[in-house]
Amino acid sequence: MSGAAVLAGLGTFVPPRVVTNDELSLTLDTSDEWIRTRTGITQRHWADPGTATGDLAVEAGRRALAAAGTDTVDLVVLATTTPDHPCPATAPEVAARLGLPHVAAFDLAAVCSGFVYALATAAGAIAAGTATRVLVIGAETYSSILDPEDRTTSVIFGDGAGAVVLRAGEPDEPGALLAHDLGSDGSLKDLIIVPGGGSRQPPAGAEKPGPRPADSYFQMQGRPVFRHAVTRMAASSQAVLDRAGWSADSVGRFVGHQANVRILHAVADQLGMARDRVVVNLDRVGNTSAASIPLALAHAVTEGLVAPGDQVLLSAFGGGVTWGSTALVWPDVPVH
Ligand code: ACO
């Protein structure tokens, strides 16, 4: 059966270790007050050394499968910026650990837009009839690529994972992904970058002792990223509203990429949407990149901010630079 992609279950996982703003202030020239007022973040979760993105993805994936009441899928798409290894992709091992051997599985790299890109990709596979059920996971361990001495990035990012199961269904069912918008502008790639470790700048020999070279860490030019994030998320959201035939007013909840509460409010303002429609959980988890949207969705459902029948708009902006949005009517599905 081919057709619409319908959300059938949602699961999340964050590593247990909580890192507060005050804890970061002990080693960085920053303060709880600066981080809270500039970003809205009060704490984030960081994985312990030895815990990798794949470990978080397996937990979230297991919970999403349980929520959807299934133990089989045809495809696993893992959106991540922090794969377990440069090669191979993390998704096949995650699939194997989930008891889904031999299914198609690949990683998708669109940084903070990764989850929205993965939803559209999975929906495409379902529409094409190459899959009838897909596990879409966004998982990150940003703590593994942050420069511990860089206050402009270390205070922002957190680790975590979120996953959904999409199944083939009908476009008028609750949970059907109704519209997508995806875009990129690679001329801005330097705004969000890990310069080293790829083929343009291969990794320094692992046998060399001493600290990691600066270029192996994540770097971000916060101020221009802020500006582009607002413009692109607003335009992409509007494109999806138009495609779904929705007004900004009719959106019950706006679940945007959790980078900065000021960005989310500015996007709502540009769309002409009341700020109280904006879901915010970045205060608890920080910016978890590809995991951000499913973690925010789960927060919204468990806090009673989203109920079955609500019109939900998802939108993200990230490195590349990339952006994307999706619209769906929230279904009556469990969150684990
Ligand atoms: N603590 C204290 N001071 C700091 C810190 C810190 N942690 N970080 C920066 N500062 C200082 C700066 O040095 C600067 O000082 P100066 O005025 O003396 O030069 C001042 O604070 C202001 O710095 P800005 O960078 O202009 O601060 P801004 O208000 O823009 O906030 C932030 C920075 C939070 C990063 C913001 O720009 C932002 O949220 N950007 C967007 C991030 C985003 O959306 N990312 C999404 C994609 S991420 C991805 O794809 C992985």
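This text leads the reader through a predicted model, from its annotated domains to its ligand and its backbone.

Because the model is predicted, local features are given where pLDDT is at least 70 and side-chain atom pairs count only at pLDDT 80 or more, whereas totals for chains, interfaces and linings use all residues. Residues are numbered from 1 along each chain as its sequence is written, and side-chain values use heavy atoms, with hydrogens and water left out.

Two domains come from an unreviewed UniProt entry. The record assigns "Beta-ketoacyl-[acyl-carrier-protein] synthase III N-terminal" to residues 106–186 and "Beta-ketoacyl-[acyl-carrier-protein] synthase III C-terminal" to residues 241–330. UniProt positions follow the numbering used here, feature names are shortened, and annotations may be inferred rather than shown by experiment. Residues 106–186 are 23% helix and 38% strand, with end C-alpha atoms 22 Å apart. For residues 241–330 the shares are 33% helix and 22% strand, and the end C-alpha atoms lie 15 Å apart. Helices (H or I, at least four residues) and strands (E, at least two) are DSSP runs, numbered from the N terminus.

The same kind of record marks an active site: an unreviewed UniProt entry places this feature at C112, H257 and N287. These residues are spread over 176 residues of sequence, yet they cluster in space, with a largest C-alpha distance of 8.6 Å. C112, H257 and N287 are all included in the lining of the second largest pocket. A pocket is found on a 1 Å grid over the protein atoms alone, as an open set of points where a 1.4 Å probe fits, with protein on both sides within 12 Å along at least five of seven lines; lining residues have an atom within 4 Å of a point. H257 itself belongs to the loop between β11 (253–256) and α8.

What occupies the second largest pocket? The ligand takes up this space, in the sense that more than half of its atoms lie within 2 Å of the grid points. The shell around the ligand draws two or more residues from each of α2 (32–39), α6 (151–154), α7 (222–244), α8 (261–271) and β12 (311–318). Of these, α7 gives the most, with four residues. There are 28 residues around the ligand, and T30, R38, C112, R223 and N260 come nearest; a residue is near if one of its heavy atoms lies within 4 Å.

Polar contacts, which are pairs of N or O atoms within 3.5 Å, link side chains to the ligand. A side-chain N or O atom of R38 is 2.8 Å from an oxygen atom of the ligand, and for N260 the distance to a ligand oxygen atom is also 2.8 Å. A polar side-chain atom of W34 lies 3.3 Å from an oxygen atom of the ligand. Taken alone the ligand exposes 1000 Å², of which the protein buries 78%, by the Shrake-Rupley method with a 1.4 Å probe.

The backbone also deserves attention. Most residues other than glycine have a negative phi, and most peptide bonds are trans. V111, in the loop between β5 (104–108) and α5 (114–128), has a positive phi of about 50° although it is not a glycine. The peptide bond from C87 to P88 is cis, with omega near 0°, and P88 lies in the loop between β4 (75–79) and α4 (91–97).

Conventions. A polar contact is a pair of N or O atoms within 3.5 Å; within protein, one must be able to donate a hydrogen and the other to accept it, and residues adjacent in sequence count only if both atoms are side-chain atoms.
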